[in-house]
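This report is for a reader who has not met this structure before. Please look at the sequence and the model first.

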Amino acid sequence: MRLEEKSYLIMAQNSSEMLVINKLLNKNNIETDLVPAPPEWGTVCAIAVKIKGTDLETSKNLLHSSGINNAKILEDRKLKLQGLIDKKLGLMVSERFLEILKKIENGDELQREEIIYLLSTDKKREIDAIFSAADRIRKETVGDVVEIRGAIEFSNYCRKNCKYCGIRGQNSEIKRYRMTEEEIMEVVAYLHSLGLRTVILQSGEDPYWTMPKIINILRKIKETTGMRITLSIGERPYEEYAEFKKAGADNFLLKIETTNRELFKEIHPDDDFDTRLQCSKWLKELGYINGSGNIIGLPGQTVEDIASDIEFFRDMGINMIGIGPFIPAKGSPYEKLTPGDIAMTLRTVAVTRIVCKKVYIPSTTALATLSKDAQVWALNAGANTIMLINTPKKYRSSYNIYDNKNMVDLEAAVYAVRKAANRKLPSYLKLPSYLENPDFDFAAKQEGML
Ligand code: 5AD
Ligand code: SF4
């Protein structure tokens, strides 16, 4: 293979060195991408800096002249998979599908029409083959461990009015709350005691939480626990994103929700598609591990729209992709609409894994809300992370972005990981002893029998 076609991964000793390397290269006009590190390197630093083959020598020199000598560089090989197709399968699926599967085996980039085919085929054999390809790719790119993160929904005030959302500003039927700094820190301490490494701070777009207030909480979390921090607080000016990064935020979740501009406008009366896009680009530029995602089953959304979303995630180099079904929310204009389809959501998870490869894909809370086992299905369809909801009980029911929201707790997460095929809980997780018992009866507990 020629150098132009190759890419390389630079593996740092830790996350701050990784960011220093990333900045250094960008400053010298070398394009980089932050991608999850291959599983065997995961314990050193979870994120690798990806560069093009043609930039290899310059990058090496830059690292050397800046005194960074410990970073390892390895070739990022195209992911080749053997054994996706056997003779029997070849006879049972369409010619077209077989061609696509060959491209997947070969690690070649799929075209838009091919993505659409994968999302829309209704042949059982083909669907099975899509899910098993996704599961293989998940295993080879991010391994068997299901990363567990803890989320705190620290304010449900929102200045916006997204039509699907239950906490939109104009919904007067819900009780509004803001957690105090002490309350937030209490939950952070609990998550830390569980051994979790990442805390997610999520809220509506709440003007009360100004930049200095957010910075304050970021610093406190870093100082007391050293945990990685994911912010999910919506659109903010570039300067604020930059300051949050400096104060210790590592990741940012800002979902595009849909890449269909008209649909985006329709569901977001206060938002502008280009602004959302700009924010996402800024986050990337600033070195955040960049999260996006979409909602499946929005009114009028087509399979073509979903294919465009997946292409967007790939082309933007998105690192975390949250894919959830639309769920009607009381007090919202979409209250009476039908929920998104679980099967379509799972198919989107699988095709996203096939197309985007080395990314974090959560088994979303929205899926868990529609069915108790949907989180297990998503783990089997390419997902590799679970987010626990740790908002204090007295506030939880008020963070109803949609109805009957499942409060995925530690038990639910352990249940999903144990029930999914051949998956592992992370070794950093410190389980309470009753959950360490692999035979713990979750069903009985849920029904109040234990
Ligand atoms: N159905 C599904 N997802 C929703 N979200 C908000 N409201 C709904 C809903 N009714 C999702 C959005 C948002 C995230 C915080 O929750 O994708 O980004
Ligand atoms: Fe606010 Fe987010 Fe809900 Fe939109 S989706 S109304 S920005 S909380």
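The text below describes the overall fold and then the ligand with its surroundings.

The structure is a predicted model. The protein chain contains 19 helices and 11 strands. Its C-alpha trace spans about 60 × 55 × 50 Å along the principal axes. For 450 residues, a compact globule would have a radius of gyration near 22 Å, and the protein chain agrees with this because its value is 22 Å.

Where does ligand 1 sit? Ligand 1 is in the largest cavity. The residues around ligand 1 are Tyr164, Cys165, Gln202, Lys255, Glu257, Ile295, Pro325, Phe326, Ile327, Ile401 and Tyr402. This shell divides into 8 nonpolar residues, 1 polar residue and 2 charged residues.

Polar contacts of ligand 1 with three of these residues are listed here.

| Residue | Atom of ligand 1 | Atom of the residue | Distance |
|---|---|---|---|
| Lysine 255 | oxygen | N or O atom in the side chain | 3.0 Å |
| Glutamate 257 | oxygen | N or O atom in the side chain | 2.6 Å |
| Isoleucine 327 | nitrogen | polar backbone atom | 2.6 Å |

In the contacts with lysine 255 and glutamate 257, ligand 1 contributes an oxygen atom and the residue a side-chain atom. With isoleucine 327, a nitrogen atom of ligand 1 is paired with a polar atom of the backbone. On its own, ligand 1 has 400 Å² of accessible area, and the protein covers 85% of that area.

Technical notes. Residues are numbered from 1 along each chain as its sequence is written. Chains are lettered from A and ligands numbered from 1 in the order in which they are written. This is a predicted model: local features need pLDDT of at least 70, side-chain atom pairs count only at pLDDT 80 or more; totals for chains, interfaces and linings use all residues. Side-chain values use heavy atoms; hydrogens and water are left out. A residue is near a molecule or strand if one of its heavy atoms lies within 4 Å of it. A polar contact is a pair of N or O atoms within 3.5 Å; within protein, one must be able to donate a hydrogen and the other to accept it, and residues adjacent in sequence count only if both atoms are side-chain atoms. Accessible areas come from the Shrake-Rupley method with a 1.4 Å probe; for residues, only the protein chains shown count as cover. On a 1 Å grid over the protein atoms alone, a cavity is a set of points where a 1.4 Å probe fits but cannot get out, and a pocket is an open set with protein on both sides within 12 Å along at least five of seven lines; lining residues have an atom within 4 Å of a point. A molecule sits in a cavity or pocket if more than half of its atoms lie within 2 Å of its grid points. Ala, Val, Leu, Ile, Met, Phe, Trp, Tyr, Cys and Pro count as nonpolar, Asp, Glu, Lys and Arg as charged, and the others, Gly among them, as polar. Helices (H or I, at least four residues) and strands (E, at least two) are DSSP runs, numbered from the N terminus. The radius of gyration is taken over C-alpha atoms; the globule rule is 2.2 Å times the number of residues to the power 0.38.
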